[in-house]
Amino acid sequence: MPIGNRVYLQRRLPDAALVERFRRLPAANVADCMNRLCALPADINLLSSPKSNMCGVALTVHVREGDNLMLHQALNMAQEGDVIVLSNDGGRNRAIMGEIMYRYLADYKKVAGIVIDGPIRDIDAISKSSCPLYAAGFTPGGPYKEGPGEINAPISIGGVSINPGDIILGDEDGVIVIDQRDAAGLIEKAEENAASDRAKVEKASSGSGNRQWVADSLAAKKKSSSSTQCAAPSVF
């Protein structure tokens, strides 16, 4: 098929046990261990009512703004444990999917989740359902079905790159993307970070945490600023 109208059938998949370990972690803790560069934009919100975190393997879809033909093809390809991740080129005027497509993915295909860079519709039904769905709002205006588009090709949402087979983790805070090449080396650090944060929460509640770092940081900045101001001018 020509460029811009392609469907790739193969993906490199991460280890299922590794995906399950990430599922148990808050997205924020994992993001902190990735230098905070992996989160999708804040306008992509959780719009359904899942009982646990979303975590699965990216099946990527790129469509023309307001068109869902290739998303329908992705429905045919989706497997249990996949997270459909769709780039809509930032479009916000047309719903990319509604309840019929959602039910097919959630109930029949048993996907791990759906992430739409754009609006959906039928929010009344979807908001009460348990399969995780993240999207940028909702509108009654429906999509076109003309194409072009691509499946299982690299995409980008809000400046964050997503490759087919990447691990997608989402909770009530939002969605992050874990490059599958980094996942095995990241998981232990993320688990340690989550445990550390739980201890910090307990100390914050009792007021027993060490707040000296604030004064130390301000003092270091003041010293740095003074050094800059007193520096001899450059000679050209």
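Here are some friendly questions and answers about this predicted model.

Me: Is N88 buried or exposed?
Reply: Let's start by finding N88, which sits in the loop between β4 (82-87) and α4 (99-109). Its relative accessible area is 1%. Buried means under 20%, so N88 counts as buried.

Me: Which backbone atom does the side chain of N88 reach at 2.9 Å?
Reply: Two polar contacts of this side chain can be looked at here. At 3.4 Å, the side chain of N88 reaches the backbone oxygen of D117. At 2.9 Å, the atom reached is the backbone nitrogen of G66.

Me: Which helix gives the largest share of the largest nonpolar core?
Reply: This core has 27 residues, and L71, I84, M97, I114, I116 and L133 have the most contacts inside it. Elements that each supply at least two of its residues include β3 (54-63), α3 (69-77) and β4. The largest share is five residues, and they come from α3.

Me: Which residues does L71 touch, not counting those up to four places away in sequence?
Reply: L71 is one of the residues with the most contacts inside the largest core. Leaving out residues up to four places away, its partners are V61, V63, I84, L86, I96, M97, M101 and I116.

Me: Where is the kink in α6 centred?
Reply: Helix α6 covers residues 180-206 and reaches 39 Å from its first C-alpha to its last, close to the 39 Å expected. Even so, there is a kink of about 55° in α6. One of the buried residues of this helix marks the spot: the kink is centred on L186.

Me: What do the buried residues of α6 pack against?
Reply: The buried residues of α6 include Q180, A183 and I187. They pack against two helices and two strands: α1 (16-23), α2 (27-32), β10 (167-171) and β11 (174-178).

Me: Why is the pair of Y104 and Y108 called tilted?
Reply: A search of the whole structure finds one aromatic pair, and its ring centres are 5.3 Å apart. Planes under 30 degrees apart would count as stacked, and over 60 as edge-to-face. The planes of Y104 and Y108 are at 40°, so the pair is tilted.

Me: Is Y108 buried or exposed?
Reply: Y104 and Y108 are four residues apart in helix α4, which means about one helical turn separates them. Y104 is partly exposed, with a relative accessible area of 32%. For Y108 the value is 58%, and over 50% counts as exposed, so Y108 is exposed.

Key: Residues numbered from 1 in each chain as written. Predicted model: local features only at pLDDT ≥ 70, side-chain atom pairs only at ≥ 80, totals over all residues. Heavy atoms only, no water. Buried < 20%, exposed > 50% of the residue type's maximum accessible area, 1.4 Å probe, protein only. Polar contact = N/O pair within 3.5 Å; in protein donor to acceptor, adjacent residues only side chain to side chain. Core = buried A, V, L, I, M, F, W, Y, C linked by side-chain atoms within 4.5 Å. Contact = heavy atoms within 4.5 Å. Expected span 1.5 Å × (residues − 1). Bend = angle between axes of the 7 residues up to and from the residue. Phe/Tyr/Trp six-rings, centres within 6.5 Å; stacked < 30°, edge-to-face > 60°.
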